[in-house]
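Colleague: I am new to reading protein models and would love some help. Could you take me through one part closely, and then show me what else is worth a look?

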Amino acid sequence: MTTSLRQLAYLTTLTLLSACATLSGTDARVGSRAAADRPHNVILFLGDGMGVSTVTAARIYAGQRRGASGEEYVLPFETFPNVALVKTYNTDSQVADSAGTMSAIMTGEKTRIGMISVGPDAAQNDCAAGLKYSLPTLLEAAEDAGRATGIVTTTRITHATPAATYAHSPNRNWEVDYAMPAQALEDGCRDIARQMIEFSHGDGIDVMLGGGRSVFTPAGRADPEHADAAGVRKDGVDLIEAWLKADSQRRYVWNQAQLQSLESSPGQVLGLFEPSHMNFETDRAGDPAGEPSLAEMTRLAISRLQKTGSGYFLIIEGGRIDHAHHDGNAHRALVDAAAFADAVEVAMELTDEDDTLIMVTADHSHTLTIGGYPERGNPILGKVKPALGAEAVDLEDRPFTTLSYANGPGYQASLRDLTDVDTTEPDYRQAATIPLEIESHGGEDVAAYARGPNADTLRGVVEQNVLYEVLRGALFN
């Protein structure tokens with residue numbers, strides 16, 4: 001489908017939806033069958049980098065953390081009745097990145113690697129083409145249709161995955177003005193942080209929770225929590241203050257206590273809990289000012305969006321699963337994946353599958369592998385204790401771990417002897433086959449799981465942009 005046709009479909013959807021805007025959720029249920037079948041809410045959970053091997057390892061880890069052998073454990077979203085495999089490639093890359101993949105989910109069109117909701121006709125870094133070939137996103141459509149909206153992430157809220165829901169950029173790294181070429185600014189392109197604050201659809205995004213304070217405040221402005229951090233905007237604009245001034249009921253918070261105090265207050269919420277990305281779940285308890293978990297942010301977001309009574313579209317990203325994998329650190333990746341599953345469980349508890357679609361998926365995979373014939377119940381982060389007849393050591397008589405990476409910073413020209421090494425320790429890096437400074441994404445399919453209205457349209461092996469159709473069908477049909 002061409003960009004113009006996609007935009008036409010977008011406008012047609014809004015026209016049809018406007019005609020139904022006076023129907024409340026109750027009225028819709030007593031109206032026509034088509035209206036009665038329309039779900040009220042959609043929640044998309046995106047585990048960044050949560051490929052199938054990560055799901056399997058996280059399942060075992062979570063089960064073992066509860067005292068079981070682990071293999072038989074079931075993550076909350078694994079109970080969903082509808083499952084599909086998803087092809088993740090970008091239009092120009094066999095192994096995808098988060099920008100192109102989330103753009104496919106949000107716009108219904110696959111695009112180039114590194115592009116934020118901009119069609120494949122635009123080249124990277126081309127501001128004029130980026131403006132010309134911008135693709136409408138599902139979150140924009142939801143806001144224009146009068147739905148409440150929310151974004152929750154453990155990364156900077158301007159990072160690739162959340163950015164693809166509300167921004168348009170021919171370069172995912174244009175999160176702040178200083179990261180942009182002067183020519184792009186002169187040609188009218190705005191940095192991603194500014195696009196979020198100046199979001200012009202509906203009445204604006206209702207709940208925005210994540211990290212990334214520094215890209216919203218002027219260069220040199222001291223961070224309220226960390227003495228070694230400061231704002232980085234070269235234009236001197238305080239975007240947080242600009243956002244607050246636009247509506248007296250808006251609230252800004254930057255720590256866990258402030259977030260909890262919002263329980264009964266009205267208005268839109270912006271929460272930025274770190275200068276950059278939020279802490280890994282493993283390290284969260286040590287945060288100086290207190291930092292909410294993904295599950296806590298999920299609970300607050302759903303609670304606030306439910307109170308609007310207009311139906312909502314909420315995107316929740318477990319973003320640091322990906323970052324731990326890039327560091328070759330399976331411990332932090334699995335702990336964050338388990339925390340992500342906890343957040344899904346919160347959503348399941350707070351919603352009714354008769355009127356709320358919940359989809360859980362990943363944008364891409366990683367090179368994490370599971371092998372070596374460990375016995376049932378062997379610690380997933382531990383060294384292989386083999387089942388009968390298998391090997392416990394490599395050809396050099398050294399023990400080895402169940403988990404490893406195909407590439408990354410864990411590469412060792414001469415493998416270390418792990419006999420006296422605690423491989424379950426949080427900072428341990430699993431061995432990697434090919435030396436890379438940063439472990440890469442994996443190109444295999446990822447899984448998508450769904451429950452609720454329109455979930456039965458998710459099945460088989462699908463292109464990633466098909467997820468857009470499942471979500472759109474739940475929001476607008």
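Modeller: Happily; we will start with one strand and its partners, then visit some other parts. Please keep in mind that this is a predicted model.

Let us begin with strand 14, which covers residues 446-451. Is this strand enclosed or open to the outside? Six of its six residues are buried, so strand 14 is largely enclosed by the rest of the structure. You can check this face by face. On one side sit Val446, Ala448 and Ala450, and on the other Ala447, Tyr449 and Arg451; both faces are covered.

Now for the neighbours of this strand. Strands of a sheet pair through backbone hydrogen bonds, and the pairing can be parallel or antiparallel. Strand 2 (residues 82-87) is antiparallel to strand 14, with five bridges between them. Strand 8 (residues 356-361) also pairs with strand 14 in the antiparallel sense, over four bridges. A good residue to find on your screen is Ala450 in strand 14. Ala450 is the bridge partner of Asn82, and Met359 stands opposite Ala450 as well.

For a second example of pairing, turn to an open sheet of three strands, ordered 10-11-12, in which the pairing is mixed. The edges are taken by strand 10 (368-370) and strand 12 (432-435); each has a single partner strand, so one side of each is left without a neighbour in the sheet. On average, neighbouring strands here are turned by 20 degrees against each other, direction ignored. Strand 11 (residues 403-408) runs parallel to strand 12, and three bridges join the two. Gly408 is found opposite Pro435 of strand 12.

Helices can be covered too. Helix 16 (residues 466-476) has eight of its eleven residues buried, so we can call it mostly covered. Among the buried ones are Leu467, Tyr468, Leu471 and Phe476.

Next comes a link of another kind. A disulfide is a covalent bond between the sulfur atoms of two cysteines. The structure holds one disulfide, formed by Cys127 and Cys189 with their sulfur atoms 2.1 Å apart. Cys127 belongs to helix 6 (residues 127-132), while Cys189 sits in the loop between helix 9 (182-186) and helix 10 (192-197), so the pair ties together parts that are 62 residues apart in sequence. The torsion about the S-S bond of Cys127 and Cys189 is about 115 degrees, and therefore the disulfide is right-handed. Both Cys127 and Cys189 are buried.

Let us finish with an enclosed space and a helix beside it. There is one cavity of 30 Å³ or more in the structure, and the largest cavity has a volume of about 90 Å³. Of the 14 residues lining the largest cavity, Thr154, Asn279, Glu281, Leu294 and Asp336 are the closest to its centre. What kinds of residue make up the lining of the largest cavity? They divide into six nonpolar, four polar and four charged. Helix 15 (residues 330-350) gives the largest share of this lining, with three residues.

Helix 15 also contains His331. With a relative accessibility of 10%, His331 counts as buried, because buried means under 20%. The C-alpha atom of His331 is separated by 9.0 Å from that of Thr423, although these two residues are 92 residues apart along the chain.

Note on methods. Residues are numbered from 1 along each chain as its sequence is written. This is a predicted model: local features need pLDDT of at least 70, side-chain atom pairs count only at pLDDT 80 or more; totals for chains, interfaces and linings use all residues. Side-chain values use heavy atoms; hydrogens and water are left out. On a 1 Å grid over the protein atoms alone, a cavity is a set of points where a 1.4 Å probe fits but cannot get out, and a pocket is an open set with protein on both sides within 12 Å along at least five of seven lines; lining residues have an atom within 4 Å of a point. Grid points are joined across faces, edges and corners, and a volume is the space filled by probe spheres set on the points. Ala, Val, Leu, Ile, Met, Phe, Trp, Tyr, Cys and Pro count as nonpolar, Asp, Glu, Lys and Arg as charged, and the others, Gly among them, as polar. Buried means under 20% relative accessible area, exposed over 50%, partly exposed in between (1.4 Å probe, protein chains only). A disulfide is a pair of cysteine sulfur atoms within 2.5 Å. Two strands pair if DSSP finds at least two bridges between them. Axes are lines fitted to C-alpha atoms, for helices over the stretch in contact, and angles run from 0 to 180 degrees between N-to-C directions.
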